[in-house]
Amino acid sequence: RQFIAWTGAVAGLRGGSLSDLAVAAEALLTDVLLSVDEGTLEVESGTTGDIFELTLRHPEMRSRRMADLEGIMEQYLDGYRLSPTEAVLFKRL
């Protein structure tokens, strides 16, 4: 969450947007921790126009285990893409 908070602050996110992004990212991290025993989690972030993008990859993941992860993403984000090894979160600045 520290990474998300600092990156969000640098990107100029409002408090509510940062909180929403943190909730979605924490759900995603919980899913990764439930789904794999070991390996390296890769994290990238950036902005495109007014959209903040956070990408998390774990090459060893084969499936997602967290219940209703997509529902959480829909509630707190402006967009997302999920695959077994990668998740991309989008939040408007």
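Q: How do the residues of the lining of the largest cavity divide into nonpolar, polar and charged?
A: Keep in mind that this is a predicted model. Leu 28, Val 32, Leu 41, Leu 56, Arg 57, His 58, Met 61, Arg 64, Thr 85, Glu 86 and Ala 87 do the lining. Arg and Glu count as charged, while His and Thr go with the polar ones. That gives 6 nonpolar, 2 polar and 3 charged.

Q: How many cavities of 30 Å³ or more turn up, and about how much space lies in the largest cavity?
A: Searching the whole structure turns up 1 cavity of 30 Å³ or more. The space inside the largest cavity comes to about 40 Å³.

Q: Which helix and strands each supply at least two residues of the lining?
A: Leu 28 and Val 32 are among the lining residues, and helix H2 covers 15–35. Leu 56 and Arg 57 line the cavity too, with strand S2 running over 51–57. Glu 86 and Ala 87 also take part, and strand S4 spans 86–92. The elements asked for are H2, S2 and S4.

Q: Is His 58 buried or exposed?
A: His 58 sits in the loop between S2 and helix H3 (69–76). Its contacts farther along the sequence include Val 32, Leu 41 and Thr 85. Buried means under 20% relative accessible area. His 58 has just 3%, so it is buried.

Q: Which residue in S4 is the bridge partner of Tyr 80?
A: S3 (residues 79–82) pairs with S4 in the antiparallel sense, over 4 bridges. The two strands make a hairpin, with 3 residues between them. In S4, the partner of Tyr 80 is Leu 89.

Note on methods:
Residues are numbered from 1 along each chain as its sequence is written. This is a predicted model: local features need pLDDT of at least 70, side-chain atom pairs count only at pLDDT 80 or more; totals for chains, interfaces and linings use all residues. Side-chain values use heavy atoms; hydrogens and water are left out. On a 1 Å grid over the protein atoms alone, a cavity is a set of points where a 1.4 Å probe fits but cannot get out, and a pocket is an open set with protein on both sides within 12 Å along at least five of seven lines; lining residues have an atom within 4 Å of a point. Grid points are joined across faces, edges and corners, and a volume is the space filled by probe spheres set on the points. Two strands pair if DSSP finds at least two bridges between them. Buried means under 20% relative accessible area, exposed over 50%, partly exposed in between (1.4 Å probe, protein chains only). Contact means heavy atoms within 4.5 Å. Lists of a residue's contacts leave out its neighbours within four places in sequence.
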